[in-house]
Amino acid sequence: MFRNQYDTDVTTWSPTGRLFQVEYAMEAVKQGSAAIGLRSRSHVVLACVNKAQSELSSHQKKIFKVDDHIGVAIAGLTADGRVLSRYMRSESINHSFTYESPLPVGRLVVHLADKAQVCTQRSWKRPYGVGLLVGGLDESGAHLYYNCPSGNYFEYQAFAIGSRSQAAKTYLERRFESFGDSSREDLIKDAILAVRETLQGETLKSSLCTVSVLGVGEPFHFLDQETIQKVIDTFEKVPEEEEGEAEAAAPAEQGGGSGSGDQDVAPMEM
Amino acid sequence: MTFTIPIDNGDSLKNAEADSQRTLYPYVTGTSIVAIKYKDGVLMASDMGGSYGSTLRYKNIERMKAIGKHSLLGASGEISDFQEILRYLDELVLNDNMWDDGNSLGPKEVHNYLTRVMYNRRNKFNPLWNTLVLGGVKNGESYLGMVSMIGVSFEDNHVATGFGNHLARPILRDEWHADLSFEDGVKLLEKCMRVLLYRDRSAINKLQIAKITEEGVTVSQPYSLKTFWEFKAFHNPTAGAEGSW
């Protein structure tokens with residue numbers, strides 16, 4: 001995408017009917033580190049890559065619990081993501097308080113999309129620069145949605161967003177037809193395998209990813225490192241020497257690897 | 001029962017928010033509602049009377065209404081407040097239907113919504129002068145609950161409002177059991193309603209029984225209970241000891 005005279009304002013249409021500021025906001029999502037979601041009929045798994053700013057710092061939180069039956073994974077401007085997660089938690093708890101019943105995830109997602117749309121139609125606002133993978137339950141079972149900065153939302157069997165998400169998507173495209181009837185364990189395994197695809201060569205370790213599960217009869221929770229490592233061990237048999245080499249290669253890769261367009265990853269995008 | 005709050009809110013001709021906005025006392029009231037869970041769902045009974053103080057003024061008031069697909073609401077107390085509640089619920093159900101997404105409000109949700117409404121009104125010293133009974137069935141599970149005008153809310157296997165609390169509940173405590181058949185349930189309710197008819201002066205002999213099951217709500221046609229007044233003591237009430245009555 002190149003700069004043009006219609007891209008300064010979110011309230012300016014281009015002659016071809018595009019809102020460039022909204023599209024630029026969607027670019028910000030592509031810069032963030034990968035987030036993956038998949039669902040079966042009864043469970044939803046959200047997984048993401050833990051990217052830290054530097055070796056000295058800890059990684060940013062990208063998966064949030066919204067309620068016992070809803071979780072969200074974000075990619076893009078994490079600050080925007082946090083604000084929207086807070087909004088989702090608020091909506092969810094208000095509904096629970098009034099109706100003593102969990103807010104159906106499909107309705108939450110529409111509220112979220114409407115909120116995002118407002119920012120595409122006010123000259124004094126900017127669109128949220130974050131993509132959200134919302135997983136949750138309602139009366140008809142488990143659902144996975146993707147909420148876009150544009151205010152659109154889509155339902156998915158499986159999806160990946162953020163940098164190098166195409167690799168994960170390719171993997172998921174091969175396997176998604178079986179997800180509906182997958183067991184919980186298989187679903188988790190597929191999620192971690194999809195995360196591995198985005199790492200492209202880097203050795204997969206439990207410290208590099210965060211995985212969360214929710215399902216019918218199972219409230220949202222994160223899987224601990226041990227559990228994740230056990231799953232990884234079932235398919236990664238990396239001998240000692242290779243691991244050492246991969247470790248040396250990894251930091252170099254991290255600095256260079258990024259989405260399309262910008263040379264550097266902006267500090268606010270993770 | 002008077003309920004006056006001496007607040008000076010200015011000249012009520014000029015100030016729209018003056019005391020005319022507050023509920024002070026009820027005018028047209030309905031008497032007891034009795035409801036029980038049974039094998040297939042919930043049964044609810046009420047008479048069709050609307051009293052204006054001690055006058056039995058209106059005799060065709062339906063005090064039980066279906067709410068959405070899964071619930072049945074019965075009300076005792078001020079009839080106009082009941083109608084207001086029905087308007088709130090109408091809007092609630094409408095918005096729920098507009099989502100058109102396969103999710104629907106069940107009796108638990110409606111009950112809790114009503115609890116919030118009643119309690120919030122009570123906190124503003126402007127109550128809706130009703131005791132509400134909410135029954136329903138969703139996904140095979142029966143639900144029966146009650147909310148009072150001060151926001152006291154609970155669930156139970158059998159509930160009653162007004163005089164029903166005193167006259168019907170003891171009968172229900174003794175004779176209710178799980179998995180009552182429809183016929184037994186109706187018999188039990190009629191037993192309670194008969195006692196109320198004899199002993200509650202605001203009761204009239206024209207009642208309806210409503211049933212809610214997984215299939216939906218049916219409200220019966222109004223009918224009356226057989227009563228017996230030929231007790232010997234009624235023939236010559238003052239015969240025998242004076243003041244015996």
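**Exercises: a helix, an interface and a patch**

**Exercise 1.** Which residues of α5(A) are buried (under 20% relative accessible area, 1.4 Å probe, protein chains only)?

*Solution.* Start with the list: A:L187, A:I188, A:D190, A:A191, A:I192, A:L193, A:A194, A:V195, A:T198 and A:L199 are the buried residues of this helix. Helices here are DSSP runs (H or I, at least four residues), numbered from the N terminus. Next, check the span: α5 of chain A covers residues 184-199, and its 16 residues reach 23 Å from first C-alpha to last, close to the 22 Å expected at 1.5 Å a residue. That expected span is 1.5 Å times one less than the number of residues. Finally, step past the end, where A:Q200 follows with a positive phi, near 45°.

A quick note on the model: it is predicted, so local features need pLDDT of at least 70 and side-chain atom pairs pLDDT 80 or more, while totals for chains, interfaces and linings use all residues. Residues are numbered from 1 along each chain as written, chains are lettered from A in the order written, and side-chain values use heavy atoms, without hydrogens or water.

**Exercise 2.** How many residues of chain B are in contact with chain A (heavy atoms within 4.5 Å)?

*Solution.* Count the contacts: 14 residues of chain B touch 11 of chain A. Then take the area: the two chains bury about 1,200 Å², 50% of it on carbon and sulfur atoms. Buried area is the accessible area (1.4 Å probe) lost on putting two parts together, summed over both. B:W99, B:N103 and B:R116 supply 45% of chain B's share, more than any other three residues.

Technical notes. Helices (H or I, at least four residues) and strands (E, at least two) are DSSP runs, numbered from the N terminus. Buried means under 20% relative accessible area, exposed over 50%, partly exposed in between (1.4 Å probe, protein chains only). Contact means heavy atoms within 4.5 Å.
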